[in-house]
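Here is a short report on charges, helices and buried side chains. Please look over the sequence and the structure first.

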Amino acid sequence: MANSPSSKKRARQQEKRRQHNASQRSMVRTYIKKVTAKIESGNHEEAQTAFQAAVPAVDSMVNKGILPKNRAARIKSRLNARVKALKA
């Protein structure tokens, strides 16, 4: 448990950041689920639109340090491959 005033403040700040980061991660997961749902419905145009909306959100989380760079690249690559497979 935090004892000094500075450590108590740090604990408060960390909790605030943890909650904010959790919210941001949840938002990205929602974008990914939307793309997946469009892919499963079989509509290429809607899936492509959802994918194009999801990519900037994923990239933004990388810039903020919430997602690792390689994980974001893997997510985008797999989603893009699935969207392109719909067209074929």
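The text below goes through salt bridges, a charged surface patch and two buried residues.

## Salt bridges

This is a predicted model. It holds 3 salt bridges by the rule used here. The table sets out the three pairs with their N to O distances.

| Lys or Arg | Asp or Glu | Closest N and O atoms |
|---|---|---|
| Arg 18 | Glu 15 | 2.7 Å |
| Lys 38 | Glu 46 | 3.5 Å |
| Lys 76 | Asp 59 | 2.6 Å |

Start with Glu 15 and Arg 18. Both residues sit in helix H1. They are 3 residues apart, which is about one turn of the helix. Glu 15 has a relative accessibility of 33%, so it counts as partly exposed. Arg 18 is also partly exposed, because its relative accessible area is 47%.

Next comes the pair of Lys 38 and Glu 46. Their closest N and O atoms are 3.5 Å apart. Lys 38 reaches 31% relative accessibility and so counts as partly exposed. Glu 46 is partly exposed too, with a relative accessible area of 38%.

Now take Lys 76 and Asp 59. Here the closest N and O atoms are 2.6 Å apart. This pair links distant parts of the chain. Lys 76 belongs to helix H3, which covers residues 69-87. Asp 59 belongs to helix H2. The two residues are 17 residues apart. Lys 76 has 22% relative accessibility, so it counts as partly exposed. Asp 59 has 29% and counts as partly exposed as well.

## A positive patch

Which residues gather in a patch of positive charge on the surface? They are Lys 9, Arg 10, Arg 12, Lys 16 and Arg 17. Two of these deserve a closer look.

Arg 12 lies in helix H1, which covers residues 5-41. Is Arg 12 buried or exposed? Arg 12 counts as exposed, because its relative accessibility is 55% and the cut-off for exposed is over 50%.

Lys 16 is placed in helix H1 as well. Its relative accessibility is 65%, so Lys 16 counts as exposed. How far apart in space are Lys 16 and Lys 76, C-alpha to C-alpha? The distance is 29 Å. In sequence, Lys 16 and Lys 76 are 60 residues apart. Lys 76 is the partner of Asp 59 in the salt bridge described above.

## Two buried residues

Turn now to side chains with less access. Thr 36 is found in helix H1. Is Thr 36 buried or exposed? Thr 36 is buried, because its relative accessible area is 18% and buried means under 20%. What does Thr 36 touch, leaving out residues up to four places away in sequence? Its contacts are Leu 79 and Arg 82.

His 44 is placed in helix H2, which covers residues 44-63. The relative accessible area of His 44 is 17%, so this residue is buried. Which residues does His 44 touch, again not counting those up to four places away in sequence? They are Val 83, Leu 86 and Lys 87.

## In brief

Thr 36 and His 44 are buried, at 18% and 17%. Arg 12 and Lys 16 are exposed, at 55% and 65%. The positive patch includes both Arg 12 and Lys 16. The salt bridge of Lys 76 and Asp 59 links helix H3 with helix H2.

Definitions and conventions:
Residues numbered from 1 in each chain as written. Predicted model: local features only at pLDDT ≥ 70, side-chain atom pairs only at ≥ 80, totals over all residues. Heavy atoms only, no water. Patch = residues over 30% accessible without salt bridge, like charges linked within 9 Å, V, L, I, M, F, W, Y side chains within 5 Å. Areas by Shrake-Rupley, 256 points an atom, 1.4 Å probe, with all protein chains shown as cover. Salt bridge = Lys/Arg side-chain N within 4 Å of Asp/Glu carboxyl O. Lys, Arg positive; Asp, Glu negative; His and termini not counted. Charge placed at Lys NZ, Arg CZ, Asp CG, Glu CD. Helix = DSSP H or I, 4+ residues; strand = E, 2+ residues; numbered from the N terminus. Buried < 20%, exposed > 50% of the residue type's maximum accessible area, 1.4 Å probe, protein only. Contact = heavy atoms within 4.5 Å.
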